[in-house]
Amino acid sequence: MSFIKTKIISFFKLIFPSTYTELAVFLFFIICYGILGSYIALHYRIIFDSRIPWDAYFSFDNKSILMTGGSFERHPLSYYFFNWVREFALFISGGKMDANFRLTLAWLSNIIITLNIVQIFKYLKNIICVPLWLSVLIVLFFGAFSTNIILSFTPENFTYTLFLLSLYNYYAAIKLRNEEKTPAIALSLAGVTIGGLTITNFVKVFIPLLFEKNIFRDWKKFGNAVVRVMIAVICFVLLYLNRIDFKYQNIFSKTNQQYEKFSNVESMPTWDMILSFFFGGNILFPGFIISDKHNMKGFNFKGLYMDLYSSLFPYLFIAILLILIIWSYSKNFKNKWVQVIAISFFVDIVIHCVMRFGLHTSYIYGGHFVFVYPLLLGWLFYAYRSSPKMISLLTLTLAVLFIYLLINNIYRMAEFFSFMETYYQ
């Protein structure tokens, strides 16, 4: 019994704030995001409108996700998860899809995104061991990312995926630090939750196993890892097949349809979509485009999309940030924690930048990888921990980037509010 009690306590300490500084970070962000999400939920219908299944803002599919979990080929098991989310929100709102329903959805997203930031703070503080003041600066920078701001009130797969990926990376980092293997149960749970919400993230669950101690030198350890992977894969596949009544042929046909639909957009230069959307839009808001949309059932509405960057400064911001990230990777190339993070990021780069899947709206996929930026920044500071001058230079650079990010994103959110005021009251 004491063993189970210890495991439960460890589980809660892993997910929730366990120190006063972590609690302070949690309270700060939950207040900021909570005010934003509550105001939007109570005054506008953009978070959920039963007539709008998708694309009200930035291509998020709020109604579709909440009612069906989204397409099974991309979100295999999210149907079950969002059934719980929807029913809980309906319970709170008394069965009505009204302002209270939207408020509940917003606060669930608010809590999840705040916990995501707490996970990043824990990683910076406990794994990288950067100073407290620097950890605070980095999470403030991360908290101002456009992805975190938007997902803090958006009931979507990406919201929960971002938290789960941040949590799993922190958990895996602890296991690597302690030279412990990831148990089969934890691996299976991560595969089912992370891969179940978005299938392309399934492979990321197994990346930390590549860096377990002597994994490729001891055939017993390698065999044990293979068994753990097979258990996780079997659990996931069986649940997936059960979800589609074992009609596995549908997976291939639907996947091909989705790839053709979302990878053949030629209206914008590829390099600009990569910079403005994949690397940029999920961090620094660009300008917006208003589009005429319809729900294919006779209801017309307005949708909001991100545009390409239109001035030098956003490109310069992204260029500097990417230089810092690449610098961190190069400086910490032999660091196994950095390799885990980088390989995870590389998976998304291949999917969206090389295969071009969803590249024209890749800003919405930030929930799959934006946590990489604060972690690699933390490792860059770690690499120069014995060089006060370099630490000062990096701190100044990050502070300037943060100020620009904050000003830009507040300005763009004002434009977003103007859009809601006009079309979504």
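At what angle do helix α6 and helix α15 pack, and how far apart are their axes? Let's start there. One caution before the answer: this is a predicted model.

Helix α6 covers residues 132–143, and helix α15 covers residues 372–383. They pack at an angle of about 150°. Their axes are 10 Å apart. Angles over 145 degrees count as roughly antiparallel, so that is what we call α6 and α15. The crossing of the two helices is right-handed.

Which residues make the contact? From α6, we have Leu134, Ile138, Phe141 and Phe142. From α15, we have Pro374, Leu377, Gly378 and Phe381. Sort them by class, and you get seven nonpolar residues, one polar and no charged ones.

Next, the largest pocket. It holds about 1,300 Å³ of space. How many residues line it? The count is 38. Nearest the centre of the pocket are Phe11, Leu14, Leu167, Ala186 and Leu189.

Now look at which helices feed that lining. Six stretches to find on your screen: α1 at 2–15, α4 at 78–92, α5 at 99–128, α8 at 157–177, α9 at 184–197 and α10 at 219–243. Each of these supplies at least two lining residues. As for chemistry, the lining of the largest pocket has 26 nonpolar residues. Seven more are polar, and five are charged.

Last topic: backbone angles in two loops. Take glutamate 179. Its phi is near 55°, a positive value in a residue other than glycine. Where does glutamate 179 sit? Look in the loop between α8 and α9. Those two helices came up a moment ago, in the pocket lining.

Then there is arginine 356. Phi is positive here too, near 65°, and again the residue is not glycine. You will find arginine 356 in the loop between α14, residues 336–354, and α15. That brings us back to α15, the helix that packs with α6.

Key:
Residues are numbered from 1 along each chain as its sequence is written. This is a predicted model: local features need pLDDT of at least 70, side-chain atom pairs count only at pLDDT 80 or more; totals for chains, interfaces and linings use all residues. Side-chain values use heavy atoms; hydrogens and water are left out. Axes are lines fitted to C-alpha atoms, for helices over the stretch in contact, and angles run from 0 to 180 degrees between N-to-C directions. Helices (H or I, at least four residues) and strands (E, at least two) are DSSP runs, numbered from the N terminus. Angles under 35 degrees count as roughly parallel, over 145 as roughly antiparallel, 65 to 115 as roughly perpendicular and the rest as oblique. A crossing is left-handed if the near helix is turned anticlockwise from the far one by less than a right angle, and right-handed if clockwise. Contact means heavy atoms within 4.5 Å. Ala, Val, Leu, Ile, Met, Phe, Trp, Tyr, Cys and Pro count as nonpolar, Asp, Glu, Lys and Arg as charged, and the others, Gly among them, as polar. On a 1 Å grid over the protein atoms alone, a cavity is a set of points where a 1.4 Å probe fits but cannot get out, and a pocket is an open set with protein on both sides within 12 Å along at least five of seven lines; lining residues have an atom within 4 Å of a point. Grid points are joined across faces, edges and corners, and a volume is the space filled by probe spheres set on the points.
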